[in-house]
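Here are some exercises to help you find your way around a new structure. Try each task on the model before you read the solution.

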Amino acid sequence: MLQPELKLRRDKIRSLMAAQGIDAALITCNVNLLYTYGTIVSGYLYLPLHSPALVFFKRPNNITGEYAFPVRKPEQIVDLLKEQGVPAPTKLMLEGDELPYTEYLRLSGLFPDAEIVNGTPIIREARSIKTAVEIEMFRRSGIAHAKAYSQIPEVYRAGMTDFEFSIEVERLMRLQGSLGIFRVFGRSMEIFMGSVLAGDNAAYPSPFDFALGGQGLDYALPVGVNKTPLKEGQSVMVDLGGNFNGYMGDMSRVFSVGKLPEEAYKAHQVCLDIQERIASVARPGVRCEDLYNTAIEMVTEAGFADNFMGTGQQARFIGHGIGLEINEAPVLAPRVKQELQAGMVFALEPKIIIPGVGPVGVENSWVVTNEGIEKLTICEESIINLEA
């Protein structure tokens, strides 16, 4: 990755560090290394406030450069900093919300005289405003994502289960270059590539805070497909994460096995209307909770509130930030006072479940511009009949 881009990202973090009197950061978690160093290494990036970043690496062993140093253990960092004339920090930030407790203690002990603070919120705040290069990565991902989805009807075969159908869709994604990995912030949500939800399985409650759940194939991963047979009059929602270059684009589309009841098409149109309304009013300075409330007002007026974002267990959001992880800022949810800012990228996903039929709705990725929001995932949004 180009060094000017990485410097821009690091300087965004430095600016937030300076506002809190933090004079250095020690970064070691994969996603944050990808953001600040351009790739993942086994090692550490030391980010001083007023001098160049240094990388201390264990693996791979082929890293070169003026500011790159091989290490066997983090304790070597202290002496290497002294050799480079870099002063010890007085206030150091670590990835407190992401590091295992023992590693946090070990890294804290490197600088016993320094005040140690949690830097995870700072890094996530910096990452929430995307650079022009990052937005271009989303655009490229959106094109590949849409191309894979456009081929979905070609892989459907009568008599399939949701599991078999999902495998074929996953294959389409991989052929377009999907990396497969689905990165989520925190340790409480897990999923493989995304969800394919058919019929009433979409309403099955999951322990994870996704818009819709699904029973899953096993108690070890209770979310997503459960070998539901695809049958006439049933809807199928494909919601696979579009990680084609590290950036987690998000897009959901709905398919039908034959014709659905008219109520399903009406509910789907309500979701499209919600998307259109929010796209017309969202812009820098608009609060996240106001967008959520707009959606709730519309779905309530249409008579689908009880089935919006789930049935018995309903998700309390209609959108979420995306980036190197699927759940970045902002979150379009009640009581979230955060205002949209230019450069934010988020997924908007109004969805409704029709009992006995399945899920309908739409999800797209959007970037906040100075004037409003721009759709990044361009693909047919009507319900597509797989048997047509």
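Domain bounds here come from an automatic or database domain assignment. Please keep in mind that this is a predicted model.

**Exercise 1. The two domains**

Find which domains the assignment gives for the protein chain, and describe the contact between domain 1 and domain 2.

Solution.
- Step 1: Start with the bounds. The assignment gives domain 1 as residues 1-126 and domain 2 as residues 128-384.
- Step 2: Look at the spacing. Taken over C-alpha atoms, the centres of domain 1 and domain 2 are separated by 34 Å.
- Step 3: Turn to the contact itself. Domain 1 contributes 16 residues, which are in contact with 15 residues of domain 2.
- Step 4: Add the area. About 1,200 Å² is buried between domain 1 and domain 2, and carbon and sulfur atoms give 55% of that area.
- Step 5: Pick out residues on one side. Glu 5, Val 31 and Arg 124 lose the most area in domain 1, together 43% of what that side buries.

**Exercise 2. A pair of helices**

Work out how helix H1 and helix H2 pack: at what angle, and with their axes how many Å apart?

Solution.
- Step 1: Recall the description to use. Two packed helices are described by the angle between their axes and the distance between the axes.
- Step 2: Apply it. H1 (residues 3-19) and H2 (residues 30-37) pack at an angle of about 120 degrees, and their axes are 7 Å apart.
- Step 3: Name the arrangement. With that angle, H1 is oblique to H2.
- Step 4: List the partners. From H1 come Leu 6, Arg 9, Arg 10, Lys 12 and Ile 13, which meet Leu 34, Tyr 35, Thr 36 and Tyr 37 of H2.
- Step 5: Sort them. The residues of this contact comprise five nonpolar, one polar and three charged.

**Exercise 3. A helix and its surroundings**

How many of the nine residues of helix H5 (residues 120-128) are buried?

Solution.
- Step 1: Count. Seven of the nine residues are buried, so H5 is largely enclosed by the rest of the structure.
- Step 2: Name them. The buried residues of H5 are Thr 120, Ile 122, Ile 123, Arg 124, Ala 126, Arg 127 and Ser 128.
- Step 3: Link back to the first exercise. Arg 124, buried in H5, is also one of the domain 1 residues that lose the most area to domain 2.

**Exercise 4. Two residues with shared contacts**

Decide whether His 145 is buried or exposed, then do the same for Met 193.

Solution.
- Step 1: Place the residues. His 145 is in helix H6 (residues 132-150), while Met 193 is in the loop between H8 and strand E7 (194-198).
- Step 2: Use the cut-off. Buried means under 20% relative accessible area. His 145 has 0% and counts as buried; Met 193 has 4% and is buried too.
- Step 3: Compare the contacts, leaving aside neighbours up to four places away in sequence. Among those of His 145 are Met 173, Leu 240 and Gly 241, and Met 193 also touches Met 173, Leu 240 and Gly 241.
- Step 4: Check a distance. Met 193 and Met 173 are 20 residues apart along the chain, with 9.5 Å between their C-alpha atoms.

**Exercise 5. A loop residue**

Where is Leu 260 found, and is Leu 260 buried or exposed?

Solution.
- Step 1: Leu 260 is in the loop between strand E11 (253-257) and helix H9 (262-281).
- Step 2: Leu 260 has a relative accessible area of 3%, so this residue is buried.
- Step 3: Not counting residues up to four places away in sequence, Leu 260 touches several residues, including Tyr 265, Val 357 and Ile 383.
- Step 4: The C-alpha atoms of Leu 260 and Ile 383 are separated by 9.4 Å, with their places 123 residues apart along the chain.

Notes
Residues numbered from 1 in each chain as written. Predicted model: local features only at pLDDT ≥ 70, side-chain atom pairs only at ≥ 80, totals over all residues. Heavy atoms only, no water. Axes fitted to C-alpha atoms, helices over the stretch in contact; angles between N-to-C directions. Helix = DSSP H or I, 4+ residues; strand = E, 2+ residues; numbered from the N terminus. Parallel < 35°, antiparallel > 145°, perpendicular 65-115°, else oblique. Contact = heavy atoms within 4.5 Å. Nonpolar A, V, L, I, M, F, W, Y, C, P; charged D, E, K, R; others polar. Buried < 20%, exposed > 50% of the residue type's maximum accessible area, 1.4 Å probe, protein only. Buried area = accessible area lost by both parts, 1.4 Å probe.
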